[in-house]
Structures are given as C-alpha cells and as structure tokens.
Amino acid sequence: MIRTQRLAAGVGALLAALAAGIAFPAGAVADETTAGAPKVDLVLDVSGSMRTKDIDGGTRMAAAKQAFNEVLDATPEEVQLGIRTLGANYPGDDQKTGCKDTAQLYPVGPLDRTEAKTAVATLSPTGWTPIGPALLKAADDLDGGTGSKRIVLISDGEDTCAPLDPCEVAREIAAKGIGLTIDTLGLVPNTKMRQQLSCIAEATGGTYTSVEHTDELTDKVNQLVDRAADPVVTPVATQGADSCAKAPTLESGLYTDREEFGQERWYRVEVEPGQEVRASVSVSADRTVNPDYGVLLRAVTTHGREIVRGEAAGNGRTDVISTGLRHPTAESDEDDAPAETVCLQVTNSFSAGAGVKTTPGLPLELTVDVVDGPSQADDVASFGLGRGWWLLGALILTGFVAGLLWGWLSRWRVAVWRTN
C-alpha cells in the first residue's frame, strides 16, 4: 500500500514537472513575442472645461468618448494600447491635490475592446489639468519592451499645474533616449494652448494638430495609433563634410549629424536617370539661441550650380525648424547612362545666446529618399508648368486674336460713325 502511494506520488510529481517544463518555455516565447509590440498610451483631459458644448453641438467630452470608441474598434491587433486620464477624479479647489489627479483608466497591454469602452463610458469632466504629471506617469506606463512607444495627448486647455512646465517634462522624456514620441491634439484651441501643445510635441519629434470636429479627432487618433504599428526606423549617424567633394554618399534612409552654429554640411546622393531625390532636414535648438534664425537646404551639381532649394525661418517660438526639397532627373534612352551626383548642402543661421556653449553642434536630422520619378513630364511640382505651357500659350493666342478683333470692330464703328 505504501509502495503504491509512493509510486503514485512519484508519477504525479513527474507529470507536474513535465507540465511545468512545457509551460515555462511557452511563456518565455510569449514574452519574447510581446516585447517588441508597439505601445500607445492615450492620455485624455477630463478636466471641468470638457463640459463645454462647442463640438458639433455636443460637449467636448462626448466628442472624445465617441472618437475613443471608434478608435478602439479600429486599433490593430498587434498594438498594445492603454488609456490614462488627467483631471478625472478630484473635483475640489486644492491645487496641490488637483495636480496629482492622473490615473491609468485602462492598462497598456493587449486590448479588450469591450472592457476599454466600458471604462471610457464612466468618464465625467471633473477637475484640474495636470498635463506635466500625466506625461511623466504615461512615460512610466510605456516602460519596457523594444517596440515603438507613443503618447497621444488630447486636451482642451493649457496645463494648470505650474511650475511643472509640461514642455520641460517632454524635453526630459526625450533626453532619456527611450524612443518615446508624444503627439498632441488640441480641442478648440486658443493661442496659449496651441503654443504649449506644439512645444510638447516638437520636443519628442511628435506632431500637433488642432481639432474642432469629432470626425477630425477620430481620424487623427486612428492615424497616430496606426503609425505606432509601422516599423521603427533607427537613424544612422553620419558626418557631413565642408565641401561636396569630401562629402559622404548617402542612400535612402534617415541620418543624424551635428552642425555648428552658422556652419554648412555637405552630403552626396547618386540619382539614376528617371529617378527623383526627395530630401528634408530638421535642425534642433537644444540650448538657448537668439531669436530670428533659419535653415537652408540646397541641391547643387558637382560644378556648383544650384538646382533647387528649400528654406525656413523661425522667430524663437519653436525648438525645431525644418525644410525640404525634391529634384527629378530626366530619363535616358541609353542603358548605361551614368547616375547624376546631387550635392545636398545644409546651412543654418542659428546664433548662441550669451554664455551658451557652441559645441557640440546642433542636432541635425536628414531624410533622404530616392524613388522612381514621375511617369509623365506634366508633374507640375517636379517639372514646372508641364502641360501648363499649352494652356499659357492658348491664353496668349486667344488674347492676341481677341485684341485684333476688338481693334478691327472699333475702327469699323468709327468709320460708320464718320460716314453717318
């Protein structure tokens, strides 16, 4: 009897060990699968001002709820999504307490659409607008994993929890180097809110969008959530030269570099006949700079002739200034026609503030895309007027003929009048 019990216990232990041995590897595989999943944290302002009825005849809160329900239905399966609120729970007047009012409504992870919608339905406009504290907590919500991380902030007013500046919070998050992007959407914005939300987005390479209708909010949030599922592009560090002859040759991709104040950087791109090069550059002011600055991007031949340029100017209100250009090359009937070397020159007119170090240079991000050119030469954006020349010629000819007819009629009427 004792032997039978011992045998049964041994068999049970063996089966348990085998079950554990099978289960643990499966769990490890699941963890590896989800580690690279894209993560999105939707941060929603539920402050008292969301009661305002100025979006499509309803309240701002109603518009946000409707948008969230549609977004939750459309969220890709591979995206781990969470929802965080700010100003949703404390209705009182104590600022210290109100500025701690941020909570995770739905945890970042695999999405249960019914559960998430039920949580959103319980929201009611309540308290303060602690944007800075909410962003810090949202960054913690997205901690871990190797996939893309994105915060989508929806607010109808500026932060009410100074001195914790949400723009400085965004810069702090960007400085951690965790690859987190913050996109902001302003509901019925005013100037001050627009400036604050723009600053938050630009600090992390995100976007700011002004929204005044429910369908606009739905479309934009859907777009941002879908973007999180796109493959992450890692910038490649490069070093531009002080002339085109010494410049590195770049292929299609995203590149980072440093550029001194007032310095120029050169890069080369090989463009085959029938192809088009599209380039854009962003220069960031990561320290105090004087107002009134600009950035210039030029496409130049190896002989120094300018082909096309893009330029932008700033006045101190933004931390990043960007511009771009495109240049198509003509097709060739020769199979062995050589590629055209296009030299890209980046110049900035930033100047450092008093006592500010000028080294290292300002962060520069350059995007290069070499694609097949337009199939027809009537692409106005690439080849000028294209077929528009025919229209211009027709208008000139019509004007000329009309002028002759009018002159002849005028002379005939004068002749008739003199005769009579």
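Helices here are DSSP runs of H or I with at least four residues, and they are numbered from the N terminus. The views below show close-ups of a predicted model.

**Figure 1. A negative patch on the surface, with helix α8 as its main contributor.** The patch is formed by Asp 56, Glu 70, Glu 212, Asp 215, Glu 216 and Asp 219. Helix α8, which spans residues 214-228, provides three residues, the largest share of the patch. Glu 216 is located in helix α8 and is partly exposed, with a relative accessible area of 35%. Since membership of a patch requires over 30% relative accessible area, Glu 216 meets this cut-off at 35%. Another member of the patch, Asp 56, is found in the loop between β2 (53-55) and β3 (58-59).

**Figure 2. An open sheet of five strands with mixed pairing.** The strand order is β9-β10-β17-β12-β15. The edge positions are taken by β9 (236-237) and β15 (320-328); each has a single partner strand, so one side of each lacks a neighbour in the sheet. Strand β12, comprising residues 275-284, runs antiparallel to β15, and nine bridges join the two. Within this pairing, Ser 284 has Val 320 of β15 as its bridge partner. In general, the strands of a sheet pair through backbone hydrogen bonds, in either a parallel or an antiparallel manner.

**Figure 3. A salt bridge between strands β12 and β15.** Glu 276 and Arg 326 form a salt bridge in which the closest N and O atoms are 3.0 Å apart. The pair links distant parts of the chain, with Glu 276 in strand β12 and Arg 326 in strand β15, 50 residues apart. Glu 276 is buried, at a relative accessible area of 0%, whereas Arg 326 is partly exposed, at 28%. Buried means under 20% relative accessible area, so the value of 0% places Glu 276 in that class.

**Figure 4. A salt bridge between helices α2 and α4.** The structure as a whole contains 14 salt bridges. In one of them, the side chains of Lys 117 and Asp 73 meet with an N to O distance of 2.6 Å. Lys 117 belongs to helix α4 (residues 113-121) and Asp 73 to helix α2 (residues 60-74), so this pair ties together parts that are 44 residues apart in sequence. Lys 117 is partly exposed at 26% relative accessibility, and Asp 73 is also partly exposed, at 48%. Helix α4 also holds Thr 114, which is exposed with a relative accessible area of 59%. Thr 114 and Leu 72 are separated by 42 residues in sequence and by 8.9 Å in space, C-alpha to C-alpha.

**Figure 5. A salt-bridge network that includes Arg 298 and Glu 306.** The side chains of Glu 306 and Arg 298 meet in a salt bridge, 2.9 Å from N to O. Glu 306 is partly exposed at 29% relative accessibility, while Arg 298 is buried with a relative accessible area of 17%. Through salt bridges that share partners, Arg 298, Glu 306, Arg 309 and Glu 311 are joined into one network.

**Figure 6. A nonpolar surface patch that includes Leu 405.** The patch is formed by Leu 397, Phe 400, Val 401, Leu 404 and Leu 405, which together have about 510 Å² of accessible area. Leu 405 is placed in helix α10, which covers residues 388-419.

**Figure 7. A contact in space between Asn 348 and Gly 262, 5.2 Å apart from C-alpha to C-alpha.** The two residues are 86 residues apart in sequence. Asn 348 lies in strand β16, residues 340-348, and is buried, with a relative accessible area of 3%.

**Figure 8. Backbone geometry at Pro 360, Asp 56 and Asp 292.** Most residues other than glycine have a negative phi, and most peptide bonds are trans. Thr 359 and Pro 360 are joined by a cis peptide bond, with omega about -5°. Pro 360 is part of the loop between β16 and β17 (362-372). Asp 56 has a positive phi, near 55°. Phi of Asp 292 is also positive, near 65°. Asp 292 sits in the loop between β12 and β13 (293-300) and counts as exposed, at 60% relative accessibility.

Notes
Residues numbered from 1 in each chain as written. Predicted model: local features only at pLDDT ≥ 70, side-chain atom pairs only at ≥ 80, totals over all residues. Heavy atoms only, no water. Patch = residues over 30% accessible without salt bridge, like charges linked within 9 Å, V, L, I, M, F, W, Y side chains within 5 Å. Areas by Shrake-Rupley, 256 points an atom, 1.4 Å probe, with all protein chains shown as cover. Salt bridge = Lys/Arg side-chain N within 4 Å of Asp/Glu carboxyl O. Lys, Arg positive; Asp, Glu negative; His and termini not counted. Charge placed at Lys NZ, Arg CZ, Asp CG, Glu CD. Buried < 20%, exposed > 50% of the residue type's maximum accessible area, 1.4 Å probe, protein only. Pairing = 2+ DSSP bridges.
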